[in-house]
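Take a look at the structure below. This report walks through some of its sites, one at a time.

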Amino acid sequence: MASSKHPPPPPIDRKAFFRLLSEWVSVSGRYGTKFALLLIDISRFHRVNHLHGYHIGDRILLKLEELLGTVRRPQDVLYRIGDNRFALVLKDIMNPGHAELAAQKIQRLLEMPFQSGDDPVPVSCTVGISLYPTHAHTAENLLRECEDVLNHARSTGEPVGISQREEEDEAVSELWDLEMELARALDKQQLQVFYQPQVSINSGAPIGAEALIRWVHPHRGMVRPDIFIPIAEKTGLIKPITNWLLNTVLRHSTKWTDRWGELSVSVNIPADFILRPYLKDFVANALQLWSNKRITLVLEIVERSLIEEPERCFKVLNDLRSMGIRISIDDFGTGYSTLSYFKFIPVDELKIDQSFINNLTADKANQSIVRLITALAHSFEMAVVAEGIEDANTLQYIRKIGVDIGQGYHLARPMPAEEFRNWLTGYQIDR
Ligand code: C2E
Ligand code: CA
Ligand code: CA
């Protein structure tokens, strides 16, 4: 039994896992390698919690993680992705047999019962397997396929389910296409910027928008940024894309109404961009070209951009701020910030991650976190943005605790440039 008294760390969320999976798909596609995705469901785990208590459930989870770790080779990765679900990715494997062997090994390891005091607690699992690119060539299909075979195995009582799809040849070529097509997408004007309004919680007036990129593909339809931004980052295309983005949002914003006074436009900056020597030039050139006193450019960066070399990053951020730019920390609360940073961090705004906002009214712990982040931001004279506001109750709640700016489907969805321009002109404050 695991000796630790600590509860197991919370599972990684689905969106984050999906992002990683997309990255592995793009890397494997480029190098022509295969990998296997194994989803491991612990059977009747809720029953274990119910019969033996959560502390036993927690200890079993820790032990399971340890056992599963013994199947992993150094290049493989293991995540807990749900209360009773693990994902194991076996990299660079040769054939499905490899993955099946791993699944059998996992089954055998779990045959030994766990102990709760003197009582044995039997634990068993079901494993689903799908291979990239043999069974699917996108992260989405790979995950769906794996979930399907897992569910099927569970319903028939089989210990292991493995995908029977065949997609190999087509798969590899389609992935290559995606990369090549992305390279041409900029020239062909298939990339578009959508704008999602941001509203002052206090006055109800618009204060600006976040720019969100979209790839309108002639055959595939709208490709989501979660899919192609990782490819753009891997291939270096993110550099021209970000430069294009800065110029495009500043160009669009010259046409926005002056009805609401000064407005801001926020652009997402990839994690490793801060220390790139050209970032300042891109920003300075775009600002000069589209000079507009009524528009403030906001750069949204994620916390992890700062962890490697905080001092150097802080200097760059300060230089950018002296050009009149505001800095916002995106997805705040999910990263690595330590409180001592706050003494030095040259940041104007904290953007609370939507996972804390989405189910805010039902979740007391999230309410505490949001209140805490708001107080923290205000005591360092930073503004607070809540994104992912999906209903009126959430809006009301964040108003009560003093969040400054709101964004989310309840207020408005991301929309094309022209539509946002009209939205701004026609918007009525409703309170
Ligand atoms: P993000 O920066 O956290 O963007 C917020 C995402 O939440 C957007 O998804 C937005 O459409 C979505 N969203 C807004 N309100 C709500 C809501 O009320 N409920 C829910 N469930 N979702 C909401 P989107 O546009 O698909 O973007 C996903 C991610 O892709 C962004 O996350 C960002 O990391 C990246 N991305 C988007 N545009 C760009 C870009 O221009 N450059 C870079 N580097 N990354 C971008
Ligand atoms: Ca963002
Ligand atoms: Ca965000």
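## Calcium ion, ligand 3

Along the chain, the donors of the calcium ion (ligand 3) follow the spacing D-D-x55-E. In this predicted model, those protein donors are D330 (OD), D331 (OD) and E387 (OE). They lie 2.0 to 2.4 Å from the ion.

The pair D331 and E387 links distant parts of the chain. D331 sits in strand β13 (residues 326–332). E387 sits in strand β15 (residues 383–387), and the two are 56 residues apart.

Are these two residues buried or exposed? D331 has a relative accessible area of 21%, so it is partly exposed. The cut-off for buried is under 20%. E387 has a relative accessible area of 7%, so it counts as buried.

## Calcium ion, ligand 2

Which residues coordinate the calcium ion (ligand 2)? The donors are E210 (OE), N268 (OD1), E300 (OE) and D330 (OD). Their distances are 2.1 to 2.4 Å. In sequence, these donor residues are spaced E-x57-N-x31-E-x29-D.

N268 lies in strand β11 (residues 263–268), and E300 lies in strand β12 (residues 295–302). The pair therefore ties together parts that are 32 residues apart in sequence. N268 is partly exposed, with a relative accessible area of 27%. E300 is buried, at 1% relative accessibility.

## Where the two ions meet

Which residue bridges the calcium ion (ligand 2) and the calcium ion (ligand 3)? D330 does. It coordinates both ions, which are 3.9 Å apart.

## Ligand 1

Now turn to ligand 1. It is surrounded by 21 residues. The closest are Q196, R214, Q354, E390 and Y409.

Several polar contacts can be picked out. A nitrogen atom of ligand 1 is 2.5 Å from an N or O atom in the side chain of E390. For Y409, the contact uses the backbone: one of its polar backbone atoms is 2.8 Å from an oxygen atom of ligand 1. E210 takes part too, with a side-chain N or O atom 3.3 Å from an oxygen atom of ligand 1. E210 is also one of the donors of the calcium ion (ligand 2).

## The second largest pocket

Rolling a probe the size of a water molecule over the atoms shows where empty space is left. The second largest pocket has a volume of about 590 Å³. Its lining is made of 23 residues. Of these, F18, T138, A139, E140 and I227 lie nearest the centre.

Which elements build this lining? At least two residues each come from α1 (14–31), α5 (139–156), α6 (168–185), β10 (221–223) and α7 (225–235). The largest share, six residues, comes from α1. By class, the lining has ten nonpolar, four polar and nine charged residues.

## Backbone details in the loops

Some loops hold backbone angles to look for. The peptide bond from Y132 to P133 is cis, with omega near -5°. P133 is in the loop between β6 (125–132) and α5.

R44 has a positive phi, near 50°, in a residue other than glycine. You can find R44 in the loop between β1 (35–42) and α2 (45–52). R44 is exposed, at 57% relative accessibility.

Q189 is not a glycine, yet it has a positive phi of about 60°. It sits in the loop between α6 and β8 (191–200). Q189 has a relative accessible area of 68%, so it counts as exposed. The cut-off for exposed is over 50%.

## Q428 and G204

Where does Q428 lie? It is in the segment after α14 (417–426). Q428 is exposed, with a relative accessible area of 58%.

Now find G204. Q428 and G204 are 224 residues apart along the chain. Their C-alpha atoms are separated by 8.9 Å.

How values were computed
Residues are numbered from 1 along each chain as its sequence is written. Chains are lettered from A and ligands numbered from 1 in the order in which they are written. This is a predicted model: local features need pLDDT of at least 70, side-chain atom pairs count only at pLDDT 80 or more; totals for chains, interfaces and linings use all residues. Side-chain values use heavy atoms; hydrogens and water are left out. Donors are N, O and S atoms within 2.8 Å of the metal (3.2 Å for Na, K and Ca); water is not among the atoms, so sites may look incomplete. Helices (H or I, at least four residues) and strands (E, at least two) are DSSP runs, numbered from the N terminus. Buried means under 20% relative accessible area, exposed over 50%, partly exposed in between (1.4 Å probe, protein chains only). On a 1 Å grid over the protein atoms alone, a cavity is a set of points where a 1.4 Å probe fits but cannot get out, and a pocket is an open set with protein on both sides within 12 Å along at least five of seven lines; lining residues have an atom within 4 Å of a point. Grid points are joined across faces, edges and corners, and a volume is the space filled by probe spheres set on the points. Ala, Val, Leu, Ile, Met, Phe, Trp, Tyr, Cys and Pro count as nonpolar, Asp, Glu, Lys and Arg as charged, and the others, Gly among them, as polar. A residue is near a molecule or strand if one of its heavy atoms lies within 4 Å of it. A polar contact is a pair of N or O atoms within 3.5 Å; within protein, one must be able to donate a hydrogen and the other to accept it, and residues adjacent in sequence count only if both atoms are side-chain atoms.
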